[in-house]
Amino acid sequence: MADITRRLGWRHLRGVPTAHIRHHRSGTLVHDGPGLSFWFRPLTAALSEVPVDDRELAMTFHARTHDFQDVAVTATVTYRIADPATAAARLDFSIDPDTGVWRGAPLEQLGTLLTETAQQHALDVLARTPLAAALVDGAAAVRERVTAGLAAEPRLPATGIEVVAVRVMALRPEPEVERALRTPAREQVQQEADRATYERRAVAVERERAIAENELASRIELARREERLVEQRGTNARREAEEEAAADAVRAQAEAARSVKLAEAEATRTARLAEAEAERTVRIARAEAEAARETGEARAQERAAWLRVHTEAGVDGAEALRALTAARLAENLPRIDSVTVSPDVLTGLLARLNGDAPDGAR
């Protein structure tokens with residue numbers, strides 16, 4: 001849409017590069033071309049704006065196949081206005097000089113023309129094609145036929161329209177027919193899925209069997225190895241027992257020999273100790289006997305001297321024996337710490353010492 005600005009009774013139009021502007025003033029073409037910008041008076045100006053860019057026309061229509069089945073066709077036609085002057089002369093592309101808006105609906109007219117023409121050629125080709133073939137190759141056939149039909153349509157060049165491309169996106173039957181057509185394929189797919197499931201299960205069973213056989217073989221081999229291991233352990237145990245018995249025998253012999261040696265050494269030591277003890281005892285006995293003899297001799301000499309002294313002193317033999325007996329008795333008496341002498345005993349002793357004691361007291 002052109003941009004129109006008001007200024008004191010004048011109008012300024014500024015177009016876009018994709019719009020072809022035609023300006024007539026009093027029936028005379030003043031401006032003609034895309035992307036124009038100019039001043040004009042609205043009372044004497046006749047303006048037309050023709051788009052020259054590529055346009056997409058989407059269409060959806062129903063057709064009937066050779067076997068009387070309805071199908072829905074979805075297509076898109078790309079076109080452009082190649083001759084703006086012809087299009088402006090054949091269709092109403094005039095715009096309001098104050099707002100720049102089309103007075104009519106030229107693009108809707110072009111859309112109706114293209115849709116009806118394309119639908120006519122599509123119906124023609126589908127009417128001779130069965131539904132199954134139309135669903136398989138119908139889109140390509142419809143596209144080719146519509147493209148050829150639009151290129152050969154004389155009204156389009158006469159209107160200044162050029163078809164750029166035709167695309168057919170979908171060609172679908174009614175929902176009930178589509179479900180019916182899908183059933184065999186679904187059944188086949190389900191059968192393939194079931195077959196794949198059965199094969200997968202069979203493969204799984206075969207793998208499980210192989211795994212079970214491998215486990216059984218592994219267990220058998222493990223049992224065989226355990227048997228060999230037990231045999232080897234028994235052999236090792238017997239060998240260890242034999243070696244231990246031999247070692248015990250050697251140790252027993254060595255212990256016996258050592259015990260014999262120790263016993264012999266102990267006997268020898270005991271004999272030597274006994275001999276030494278006997279010799280020491282004999283020596284001690286001899287020493288004690290010699291000491292006793294010498295002590296006896298000394299005592300005998302002492303008593304003899306004592307007797308001799310008393311004899312020389314005028315003491316008779318009986319009195320000397322009594323004195324000797326008293327001395328021996330005094331030697332054998334226990335230790336006396338203190339002696340209590342009575343007056344009578346003391347008087348008698350003093351009298352004896354003085355020689356005044358009576359004969360009976362002596």
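Is the crossing of helix 2 and helix 3 right-handed or left-handed? The crossing is right-handed (clockwise turn of the near helix from the far one by less than a right angle; anticlockwise is left-handed). This is a predicted model: local features need pLDDT of at least 70, side-chain atom pairs count only at pLDDT 80 or more, and totals for chains, interfaces and linings use all residues. Residues are numbered from 1 along each chain as its sequence is written, and side-chain values use heavy atoms, leaving out hydrogens and water.

**Overall**
- The chain has seven helices and nine strands (DSSP runs: H or I of at least four residues, E of at least two, numbered from the N terminus).
- Of its 362 residues, 21% count as buried (under 20% relative accessible area; exposed is over 50%, partly exposed in between; 1.4 Å probe, protein chains only).

**Helix packing**
- Helix 2 (residues 106–126) and helix 3 (residues 131–152) pack at about 135°, with axes 9 Å apart (lines fitted to C-alpha atoms over the stretch in contact; angles run from 0 to 180 degrees between N-to-C directions).
- Residues in contact (heavy atoms within 4.5 Å) include Leu114 and His121 of helix 2 and Ala141 and Arg145 of helix 3.

**Aromatic rings**
- The whole structure holds two aromatic pairs (ring centres of Phe, Tyr or Trp, its six-membered ring, within 6.5 Å; planes under 30 degrees apart are stacked, over 60 edge-to-face, the rest tilted).
- Phe93 and Trp102 are edge-to-face, because their centres lie 6.1 Å apart and their planes stand at 70°.
- Phe93 is buried at 1% relative accessible area, whereas Trp102 is partly exposed at 28%.
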